[in-house]
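Reader: I'm new to this one, so could you walk me through it and tell me what the terms mean as we go?

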Amino acid sequence: MTRPSLYLDHAATTPLLPAAREAMLEGFAVWANPSSPHAAGRAARALLEEARARVKAALSWEGEVVFTSGASEALALAIGRCRLPLAAVSAVEHEAVLRHGGDAQQLAVDSCGLVAPEDCALAGLVAVQQANNETGVLQPLNAIATAVHEAGGLLLADCAQGVGKLALPEADLIALSAHKFGGPIGIGALLVRDWAMLHPTGGQERGYRGGTENLPGVLAMVAALEADRGWLDRAVVLRDRLDAGIVAAGGEVIAGETARVPSIGAYRMPGRSARAQLIAFDGQGIAVSAGSACSSGSLRTSHVLEAMGMDPKAAGEVIRVSIGRETDEAGIDRFLAAWGEMKARA
Amino acid sequence: MIYLDNQATTPLAPEAREAMLPWLAGPDSSGFANPHSPHRPGRLAAAAVEIARAKVAALLPPGGRVVFTSGATEALNLAILGSGRKRLAVSAIEHAAVLETVQFADPGCAILPVDRDGLVDAEAELPDGLGLLAVMQVNNEIGTVQPVERLAERAWASGALFLCDAVQGAGKLAAPEGADLIAVSAHKLYGPKGIGALWVRDGVELAPLVHGGGQEGSLRSGTLSPALCAGFGVAAELALRRMAEDAAHIEALWQAALALLPGFVLNGSADQRWRGNLNLRRDGLDIARLMSDLRDIAFSAGSACASGSGKPSHVLRAIGLSDKEARSSIRLGFGRYTRMTEVVEACTRIAAAADAQ
């Protein structure tokens, strides 16, 4: 396998941490079914429940934890099983929320990508993400939670891009995905403040999620959650460097003045389409993306940038750069040099 | 520990584990990209997923596609709920993942009875206006092999879809023919937990349950794990290659175990059966005591999913056993990695412990 010389697509997925890998390999050895009543099954069950307690401790979460196959399933579970109907979703949600939208109201965002908390005073389930996957913009979730709760509603927060990087918001239901913070793909969780918020489905996970538990995945996810977060201080500095370099080279930083998760930046290169940029960067061994990985194959106009009021042509010139643990200054500088050269030829 | 619970889960094949490792690598490799990313590492990951998909597809009939899911439970939910069919029928001995989902979708669903041997009557009356019939290939509690080909034919003739839960049969028996939808799980065929698949016959329309990035032809959103796919693929390939060898090994274990447990009566047909499943009863046997006497032997008192509940097995009840008989039944599950010495030791000790009660 050829190694990409520069991977700046950590928001799509980020490498498995060594501790998570170790935990996963150990988990492969504890392969009994946690629902089996024999000693081997009980040992697996004990590890699973210990892991659940460690998730709560690592996230300072006092509610319940339902393990799922990832954030998409966690979001589908929350929306499909909440005792309140879905009342509203923000216009900048990930497709995993938007596609469940149905008749729910769409909450507009301003040009900075922010939802107005007062719009969220609804008596149903309101879904607003923590950090946007394309721009990194952080929603004022604690103010939104207050507005939702005062109106008698419940707040569902897609925290796929925030968990492992930011403190949890004051939400009632929280979706997370391990492979966004150094755990494996194929495992995630729905955090539930109170079981009474959901209708049970039967099966495992206290009757809220059927299917044999993926214990190796759970153990690896916990190890990743407990990992040191020191790299985030470095990410702030690196993203500042990236922002400044893009501006100096004649580019535009999307939502540059808004509070953003430090791992994500979105940048516009006037005069050159995102598709052309991606192909050129890929040819140089630099992995970046246009919007989210799942939809980037199609290279549609980003619904996020559109919701922020961006002109479609300008929106079509925006790429996402996302930073991970091993990203360093040399990598950022290499990207900026490539970006600058491409811009000069645009 | 002697592990005789291969219906609940199976150990990961070393070959499957090996296939997963490159995709569990760190930043100094390219074994971590999102397979839905269009850049080079993403394309490498996507290629690994497609290779795995082809290997899993080889276990299943031609003329359909493999949709990866988090496991069989999700695959079955997708099949049943995604079909949109309203009038449903199931056998009385389906796994809870089918029974509960079908009852949720159609509280008035028809339940096809089974005989004393644990076999669904292939000619059982099907309700009018049937939309979907679900019958498993191999029962998880008693191992009986159902007449799914005939049932599929009859479902087809009545305009209904036929869903086959092939979790216990996949990789062990030939794929059920004539089904429209087939659910399989990797961890029951020596692959990893957290992945399964739904096979969908070409032309069968389903609506997704998990929406989002539109992966898997929009049928199942969520980032696919190249590691889990690769492990599943190699496990499937291995199962296919070793099918005859594994079956011969299991047959030998079955014969040895039966000979060592003379006081026990077999639950379910001996002939129409996957012989890795030995479900036996003995009058008056106290299972809780037996399990506590034999703590280092892992066996089951029913299906793993329900066995924590203390409820008598719906399968054993459906084949006509009294609650008392059901409660004195045990399930011994053999697999590829079960050694003859383990079976001999376990059965000798089970017989002795039962005699001592």
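Author: Sure, let's start with chain B: 24 residues of its domain 1 are in contact with 24 residues of its domain 2. Bear in mind that this is a predicted model, in which local features need pLDDT of at least 70 and side-chain atom pairs count only at pLDDT 80 or more, while totals for chains, interfaces and linings use all residues. Residues are numbered from 1 along each chain as its sequence is written, and chains are lettered from A and ligands numbered from 1 in the order in which they are written.

Reader: What makes two residues count as "in contact"?

Author: Their C-beta atoms, placed from the backbone, must lie within 7 Å.

Reader: How do you know where domain 1 and domain 2 of chain B are?

Author: The bounds come from an automatic or database domain assignment. For chain B, that assignment gives 2–8 + 243–356 as domain 1 and 14–241 as domain 2. Their C-alpha centres are 26 Å apart.

Reader: Which elements give two or more residues to the side of domain 1 of chain B that touches domain 2?

Author: Helix H7 (243–260), strand S10 (277–281), helix H9 (304–307) and helix H10 (314–318) of chain B do. Helices (H or I, at least four residues) and strands (E, at least two) are DSSP runs, numbered from the N terminus. H7(B) has the largest share of that side, three residues.

Reader: Why are H7(B) and H12(B) called roughly parallel?

Author: Helix H12 of chain B covers residues 340–356, and H7(B) packs against it at an angle of about 20°, with the axes 9 Å apart. Axes are lines fitted to C-alpha atoms, for helices over the stretch in contact, and angles run from 0 to 180 degrees between N-to-C directions. Angles under 35 degrees count as roughly parallel, over 145 as roughly antiparallel, 65 to 115 as roughly perpendicular and the rest as oblique. So H7(B) is roughly parallel to H12(B).

Reader: Which residues make that contact of H7(B) with H12(B)?

Author: From H7(B) come Ala252(B), Leu253(B), Ala256(B), Ala257(B) and Leu260(B), and H12(B) brings Met340(B), Val343(B), Val344(B), Cys347(B), Thr348(B) and Ala351(B). By class, that is ten nonpolar, one polar and no charged. Here Ala, Val, Leu, Ile, Met, Phe, Trp, Tyr, Cys and Pro count as nonpolar, Asp, Glu, Lys and Arg as charged, and the others, Gly among them, as polar.

Reader: How do you know that S9(B) and S10(B) pair?

Author: Two strands pair if DSSP finds at least two bridges between them. S9(B) and S10(B) have two bridges, in the antiparallel sense, so they pair. Leu266(B) stands opposite Leu280(B) of S10(B).

Reader: What order do the strands of that sheet have?

Author: The open sheet has three strands in the order S9-S10-S12 (chain B), with antiparallel pairing. Strand S9 (265–266) and strand S12 (329–333) of chain B are at the edges because each has a single partner strand, leaving one side of each without a neighbour in the sheet.

Reader: Where are the domains of chain A?

Author: Domain 1 of chain A is 6–14 + 229–345 and domain 2 is 18–225, with their C-alpha centres 27 Å apart. Each of these two domains gives 25 residues to the contact.

Reader: How many residues of chain A are in contact with chain B?

Author: 59 residues of chain A, and they meet 60 residues of chain B. The side of chain A has 25 nonpolar, 26 polar and eight charged residues.
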